[in-house]
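Here is a friendly round of questions and answers to go through with the structure open beside you. Ready to take a look?

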Amino acid sequence: VELLRSARRDDGAILVTTLVKAAVVIGLLVVVMYDGFSIARTQVTVRDNASQAAQVALSALQTGATQKQAYQKTVDYLRKQDSTLAPGGYVVKTDPMSVTVTVIQTAQTMVAGRLPFLADTVSPTAVGVANKSAY
């Protein structure tokens, strides 16, 4: 009888240990999946934001804005998108008219953002170019 009670207590300890291990593994998977999806989304949106920011600047210039005003409109647009211009990432050419914008966007992550070897992945850079239409 005493041996059966001891075996039942051990079974309970094994079950609790197994459940804790399973919870830890599931928690780690959730974090990895969240970070992965966030990084993937950021990789796509940074390209869209760069292209759109270049178009914002070009449109402003074509409607009579100064280069400083066009630059500010680009910065304002990117701020709304949680993106930033890279240093030296705003170039206007006048003949033919074009705007090139280099944008950085940082993914919202739980763990990946704290790992230095993932810095380029978590904060991707993209280049957007807008050219004046020949038509």
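Q: In which helix is N49 found?
A: A quick word first: this is a predicted model. N49 has a relative accessibility of 6% and counts as buried. Its partners beyond four places in sequence are Y77, L78, Q81, S83 and Q105. As for its own place in the chain, N49 sits in helix 1.

Q: What pattern does the protein chain follow when read along the sequence?
A: The chain has three helices and three strands. Taken in order along the sequence, they give the pattern α-α-β-β-α-β.

Q: Which helix or strand supplies the largest share of the largest nonpolar core?
A: This core has 21 residues, and L78, L85, Y90, V99, V101 and V103 have the most contacts inside it. At least two residues each come from helix 1 (2–62), helix 2 (67–80), strand 1 (83–94), strand 2 (97–105) and strand 3 (125–131). The largest share is eight residues, and the element that gives them is helix 1.

Q: Is L78 buried or exposed?
A: L78 lies in helix 2. Leaving out neighbours within four places in sequence, L78 is in contact with N49, A53, S83, T84, L85, V101 and V103. Its relative accessible area is 1%, and buried means under 20%, so L78 is buried.

Q: What distance separates the C-alpha atoms of L78 and V103?
A: V103 has L78 among its contacts, along with V46, A50, S83, T84, A86, P124, T125 and A126, when neighbours within four places are set aside. Along the chain, L78 and V103 are 25 residues apart. Their C-alpha atoms are separated by 8.2 Å.

Q: What share of the contacts with a separation of 6 or more comes from residues 24 or more positions apart?
A: L78 and V103 offer an example, being 25 residues apart along the chain and in contact with each other. Across the protein chain, residues 24 or more positions apart account for this share of the contacts with a separation of 6 or more: 58%.

Q: How are the rings of Y71 and Y90 arranged, stacked or edge-to-face?
A: The structure holds one aromatic pair. Two values describe such a pair, the distance of the centres and the angle of the planes. For Y71 and Y90 the centres are 5.0 Å apart and the planes stand at 85°, and an angle over 60 degrees counts as edge-to-face. The arrangement is therefore edge-to-face.

Q: Which residue of this aromatic pair is buried?
A: The pair links distant parts of the chain, with Y71 in helix 2 and Y90 in strand 1, 19 residues apart. Y71 has a relative accessible area of 36% and is partly exposed. At 17%, the buried residue is Y90.

Q: Which residue meets R79 in a salt bridge?
A: Side chains of opposite charge can pair when their charged atoms come close. The structure holds one salt bridge, with an N to O distance of 3.3 Å. R79 is exposed at 53% relative accessible area, while its partner is partly exposed at 30%. That partner is D76.

Q: About how many helical turns separate R79 and D76?
A: Both residues belong to helix 2. They are three residues apart there, so the separation is about one helical turn.

Q: Which residue is joined to D95 by a cis peptide bond?
A: The bond has an omega of about -5°. The residue that D95 is joined to lies in the loop between strand 1 and strand 2. That residue is P96.

Q: What is the phi of D82?
A: D82 is found in the loop between helix 2 and strand 1. With a relative accessible area of 62%, D82 is exposed. Although D82 is not a glycine, its phi is positive, at about 60°.

Q: What accessible area do the residues of the nonpolar surface patch have together?
A: The patch is formed by Y34, M110, V111, L115 and F117. One of them, V111, is in the loop between strand 2 and helix 3 (119–122), and is partly exposed at 39% relative accessibility. Together the patch residues have about 480 Å².

Terms used: Residues are numbered from 1 along each chain as its sequence is written. This is a predicted model: local features need pLDDT of at least 70, side-chain atom pairs count only at pLDDT 80 or more; totals for chains, interfaces and linings use all residues. Side-chain values use heavy atoms; hydrogens and water are left out. A nonpolar core is a set of buried Ala, Val, Leu, Ile, Met, Phe, Trp, Tyr and Cys residues joined through side-chain atoms within 4.5 Å. Buried means under 20% relative accessible area, exposed over 50%, partly exposed in between (1.4 Å probe, protein chains only). Helices (H or I, at least four residues) and strands (E, at least two) are DSSP runs, numbered from the N terminus. Contact means heavy atoms within 4.5 Å. Patches are made of residues with over 30% relative accessible area and no salt bridge: like charges are joined within 9 Å, nonpolar side chains (Val, Leu, Ile, Met, Phe, Trp, Tyr) within 5 Å. Accessible areas come from the Shrake-Rupley method with a 1.4 Å probe; for residues, only the protein chains shown count as cover. A salt bridge is a side-chain nitrogen of Lys or Arg within 4 Å of a carboxyl oxygen of Asp or Glu. Rings of Phe, Tyr and Trp (its six-membered ring) pair if their centres lie within 6.5 Å; planes under 30 degrees apart count as stacked, over 60 as edge-to-face and the rest as tilted.
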